[in-house]
Each structure stands twice: as C-alpha cells, then as structure tokens.
Amino acid sequence: MKLTFIDWAIMMIYFVFVLGIGVALKRYMKTSTDFFLSGRSIPAWITGLAFISANLGAQEVIGMGASGAKYGIATSHFYWIGAIPAMAFIGVFMMPFYYGSRARSVPEYLKLRFDEKTRGFNAISFAFMTVLSSGISLYAMGLLLETLLGWSFIFSILIAAAIVLVYVFLGGLTSAIYNEVLQFFLIVFGFAPLVFLGLKDAGGWTGLQARLATVATANGFASGAWSESWKFMGSPSSNPMGVEWFGLAMGLGFVLSFGYWCTDFLVVQRAMAAKSMSAARRTPLIAAIPKMLFPFLVILPGMIAIALTYKSGASGFTLPKKPDGTFEYNMAIPLMLGHYFPTGMLGVGLTALMASFMSGMAGNVTAFNTVWTYDIYQSYIKRGASDQHYLRMGRMATVFGIAVSVAAAYVATRFNNIIDMLQLVFAFVNAPLLATFLLGMFWKRTTGHGAFTGLIAGTIAAALHQGLTLPIGAHAGVKGGWFGAVHSYPSELAQAFWTAIFAWSACFVITILVSLATRPRDDEELNGLVYSLTERPRDDRLPWYQRPAILAVIVLLAAIVLNIIFW
Amino acid sequence: MQLDIRLPIGLMFTLLGALLAVFGLIGDKSVFQRSLGINVDLWWGLVMLVFGGVMFVLGRRGTATARLADESPEGKKIDEIDNAGLEK
C-alpha cells in the first residue's frame, strides 16, 4: 500500500488535533475529579458517543470485519443481542446506583455495597487486565501497520504510545472522551465509503446475497447461512459459528454481554462522567443507537470481502490465504481499504483505523489510572493525602500504565498466545462479576462474604470448565483441556459461551448460599445502593425523548426489528 | 464551562474535507480507477466539509449559550432538578 503526501497530511492533521485537544483541556484539570471523572460535567450525547467509542477499539473493527467474513451476518449477534439489551439494562436499572452512589469507579461501588476485599479482588484483576488489554491494542496496531505499510513495529507503537501518553497526561478523562468522539466520527466517515464501494462491486445487496450463497454452499452449509442470522441457529452444525441458539442467547446475549456492558469500568466510566443522573442513564441508550447501526459499517465489509473472494466482482478483490489454507480474515478490512480507496480517502481510512487503536488504548489507560489511584493506591497504600497528591499520582499512573502497555505489546510479539489468554481471563473475571452485581444491586440480602466467595467460585468454575473441555480439533493448551477434556464443543465460540454460563451460575449460586449464611448490613447503610432501598429516579418532568425507560423501549424494539429483517 | 467538543471536531473535519475535495478537483484523476471510477475524494470531501462546518457553527453557538445558560436563574434551577439529592 503506497501512501502519498495527501495521506500523510491527513494523518498529521489528526495527530495535531488529538494533541491539541489534550493541551487545550489541561487548564480544566484542577482536581482529581476533573482528571479521573471529567468533573462529572459532560453532556449526554458526548458521553454516549464516548461510551460506544471506548468499546470500538480497532480489535472490534478489525475483529468484526474478520468475523463478518468468517461467519456472515450471524456476527451481528454480537451487536443486536450481544450488546443492545445489556446497554438498555444498565441505562435504565444500573446507572442510578453507579451514579447515585457517587462511587468514583466500579470497584468503589463494590466497596460501598459490600466490603474492601470484594473491591480489592475486582480492582486488582481489572487493573491488571485493562493495562494488558491496552498493550494488546498497541501490539495489534503495530502488527497491522507493519504488515500493511512496512512501518517499523517498535517505532509505530512508541509513537502511538507517546501520543496517547501526552493527551491523557494533560487532559485526563475529558481528553480521552473528546478524542473518542473524534474517533467515532472518523470511523463513520472513513468506513462508509468502503461499504458503498464494496456493495457496488458486489452487485448491491441482492448481488451480495447471491455471492454469499456460493460461500455458504462451498463450505457445506445451506445457501442462506452467511446472510441469515437466526434461521440456522437450531444446531451447531448448520451455521458457521458452530453454536446453537441457547448457548448463544445465554452465553453471549446474557452473561458475556451484560458482564461487559454493565460492569466493565472502561465503558461505565464514560457514563459516570456525565453531567447529571438523567444524562448518565441516557448515556448507554444514546450509545445503543450507533451500536445498532455499526454492523453495517464493520461487519458488512467483511461479508463483502469473503463474497468477492468466492465469486469475484469487476475489481478482482480477493482475500488471501494463510500458509495453512485458512483465510487471512483479519486482513479483510485493511485490504479492502487499500483496494478501493484512492489517495486521499486512503489517508482518511487509515487514520480512522489508527484512531481506533489509540482510542482503545486511551480508554484502557484512563480506566487503569482511575482504578489504580482510587481503588488501590488510595485504599491500600496511602490514605488521607491531599487531592492534589492523588491528581499527581493519577498522572504518574498514566505514565506507568503506558509503559506497561508498551512492555506488554513487546511481550506479545514473543508469545502470541497472550492475546488468547487475555480473552480467557476477561471471560473468567467478567462473567462471575455480573452475577455479583445483579445480586448486589437487586437483592439487599447479599453480603460481602457472599460476594467475595461467589466471585472466587465463579472464577474457579470458569477455569474448571475451560480445563475440562476442548473445542473440536483443538489441542490442550490455551484452548482448554488442561485437566483432560471430558467434553468437546463444536467450536471455540460455543466453548466460550458455555464457560461464561458456568462461571456466572457458580457465582450466582454460591453468592446466594453464603449470603444467607452471613449477616447482612443494616438497611440504612444500603440506601442508594440497592434497588429496594433506593428512591426510584423521577423521570416524569423530563420530555419523552429524555426518559430512559422510553428510550430503552425504542432501542429494544429497533433491535428486534433488525433481528427480524435479517432473520 | 469547558471547551465545546464541537469546535475541534468541526475544525478538523472542515480541514480534512477541504483537503480531500481540493485533491479530488485538481489531483490526478487516474487514482479513481480503484474506486470504481467514482471521485470519492471530491464527493466525500464535500460531505465532510459540510459536516465540519455545521459542527463548528453549533460549537460556537453552544459555547455562547452555555455561558449564558449556566449563569441564568433557570439554568441553576435545572441543574438542581437534574441533580436532586446528590452532592457533586
């Protein structure tokens, strides 16, 4: 891929703006609340776009493109059932507790609701995972730029890390949020033409469906398997994902999706930065709207890529294969960008890609520096210091977090399995956490001992499930089966979904049992932290389009309609 | 009261859009063979330019009204309702 002066100019303009935003916001970073939580002053539309954007790292963009090629429209499940219901839920039911409790982070909510040890467990595992995740973002970006453009891996990750470091150091969460919104628009503008051109080349939606039929039958499935998302979910052997509807709905639709959207501080932090309770509740709901439409922007190009490979269009695009015969799915979107975009537009597309990697990284770094400073440093290392002290600590944590990310990115080049391992660890930790939150927020009888033992039980259950099962055709190792495989799953995805289900269930049951056996706190202490002991937020003075319940219903209906259209 | 996000976003897209559109107008047209013969740079550049312009204008008006709204008695009342029962 050759870049010209124009493409470089576009990239440079983006970098200048990103840094400029950081510089311009520095003067507003007076307190630690400003730095870690934007002073709780951001309007809902901004936090809404940042909420979705923090999640939309390049791994999402590249990964969803890859999945679009590999699984077809079924990939939309990750969005239409794997995200929307959870986003509606957190907006309507959980934000009142996150925002109303004045917790400054997700672990802090756990401290307020339960006790220190539950907070500690969550804070430490989250801090660890989020900074590693940032490293993986960096690694993926370095690899992509090296493959596509021949840039030096170490050079590109250092530059990217330096840019993120500067703008987060200076402008804190606000800087990260502003740049996330910038990234959002850049992705929309950078990818929309790709969808247009790709569809044109494939002969429109009907032409695409016809080509996808070729893909499906060539792979041994019914002709609609790549273009219909629910019809073939009856059994694992009839769809390319290798899952059936129950595992999909419970594993992805419930546990993994709610576990991520409702408890992951990376996204919740953006809602916590909102300027009011109503803005905080609307944040995930506003975010749900672009989220619903993103399949057309990121999954569709992947589908087009594979469709054109099996039955080529006029422009002759094909997806290359790896030495082992499988397709280079991850290269679907980058290669399409290079294939269709002329000079100029190419600059925009590549900048959009880089922006999403950097934004993903910044999101992780801001979540890390907040959890480190408030939940680990302030709680266990140095209490009662001045606010300015913690602000300084936050800045230092930013430097530290970025340094560890760079190190992690480097280590990932040596041990490629790190990425798979991280996905695993995420599932192990997020799935049980969801049970803890649901019980904590909606059942006042849940106790700290219950929560803590539940979390441990859930994590162990996840490890056990993973250790005792294997996806078909895989060898014991990162994919599982460490204790000898007693059950085999039709696909990796199926195994992941069921690990989540087991982890959640174990945590749920154990938390209830241990809670019943231990003494709960008094009702007054739990005011504002539990559903039954908190005043319902009053929405009746708001106009209809600002009421979370109404927005949630609209969003859910729209998602259902989309599911039906692409059934 | 803070920097209105629409200002930098508007500015950046105006700049990018202008760059793209100008190139699309006066640059070497053979590069558009890739994009199925369509001058993506010109058309999309114009779209981005308009988007950037709109954002920037909204941002300027937003900054002005936000300043006024924050200080008005109504603005303060709304702030109270929004945050009923919560300390900052």
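In chain B, the loop between α1 and α2 (40-71) holds L36(B), where helices (H or I, at least four residues) and strands (E, at least two) are DSSP runs numbered from the N terminus. The phi angle of L36(B) is near 55°, a positive value in a residue other than glycine. L36(B) is partly exposed, with 16 other C-beta atoms within 10 Å; by the definition used here, a residue is buried if 20 or more other C-beta atoms lie within 10 Å of its own, exposed if 12 or fewer, and partly exposed in between, with C-beta atoms placed from the backbone. The model is a predicted one, in which local features need pLDDT of at least 70 and side-chain atom pairs count only at pLDDT 80 or more, while totals for chains, interfaces and linings use all residues. Residues are numbered from 1 along each chain as its sequence is written, and chains are lettered from A and ligands numbered from 1 in the order in which they are written.

Chain B as a whole has three helices and zero strands, and its elements run α-α-α from the N terminus on. Of the 88 residues in chain B, 33% are buried. Among the contacts in chain B with a separation of 6 or more, 78% are between residues 24 or more positions apart, two residues being in contact if their C-beta atoms, placed from the backbone, lie within 7 Å. The mean pLDDT of chain B, pLDDT being the predictor's confidence in each residue from 0 to 100, is 83, and 85% of its residues reach 70 or more. Among the elements of chain B, the highest mean pLDDT (94) belongs to helix α1 (residues 6-26) and the lowest (70) to helix α3 (residues 73-82). For the complex, the predictor gives an ipTM of 0.87 and a pTM of 0.89.

Between the two chains, 37 residues of chain A are in contact with 27 residues of chain B. On the side of chain A that touches chain B, at least two residues each are supplied by α1 (5-25), α9 (153-202), α13 (277-310), α14 (332-340) and α15 (345-381) of chain A. The residues of this side comprise 23 nonpolar, nine polar and five charged, where Ala, Val, Leu, Ile, Met, Phe, Trp, Tyr, Cys and Pro count as nonpolar, Asp, Glu, Lys and Arg as charged, and the others, Gly among them, as polar.

Chain A is itself divided into domain 1 (1-12 + 58-91 + 107-263 + 291-414) and domain 2 (424-535), with bounds that come from an automatic or database domain assignment. The centres of these two domains of chain A, taken over C-alpha atoms, are separated by 25 Å, and 27 residues of domain 1 are in contact with 24 residues of domain 2. The elements of chain A that give two or more residues to the domain 1 side of this contact are α7 (106-113), α8 (116-149) and α11 (245-263), and the largest share, 12 residues, comes from α11(A). By class, that side has 15 nonpolar, nine polar and three charged residues.

The largest nonpolar core, a set of buried Ala, Val, Leu, Ile, Met, Phe, Trp, Tyr and Cys residues joined through C-beta atoms within 7 Å, has 229 residues, and those with the most contacts inside it are V164(A), V181(A) and M303(A). Helix α9(A) gives the most to this core, with 26 residues. Both domain 1 and domain 2 of chain A give residues to this core, so it lies between them. Leaving aside neighbours within four places in sequence, M303(A) is in contact with G68(A), A69(A), G72(A), I73(A), L208(A), L212(A) and W226(A).

Of these partners, G68(A) and A69(A) are among the buried residues of α4(A). The 14 residues of helix α4 (residues 58-71) of chain A should span 20 Å at 1.5 Å a residue, the expected span being 1.5 Å times one less than the number of residues, and its end C-alpha atoms are 19 Å apart, which agrees. Of its 14 residues, 12 are buried, so α4(A) is largely enclosed by the rest of the structure. The buried residues of α4(A) pack against α8, α9, α13, α14 and α15 of chain A. Just after α4(A), G72(A) takes a positive phi of about 80°.
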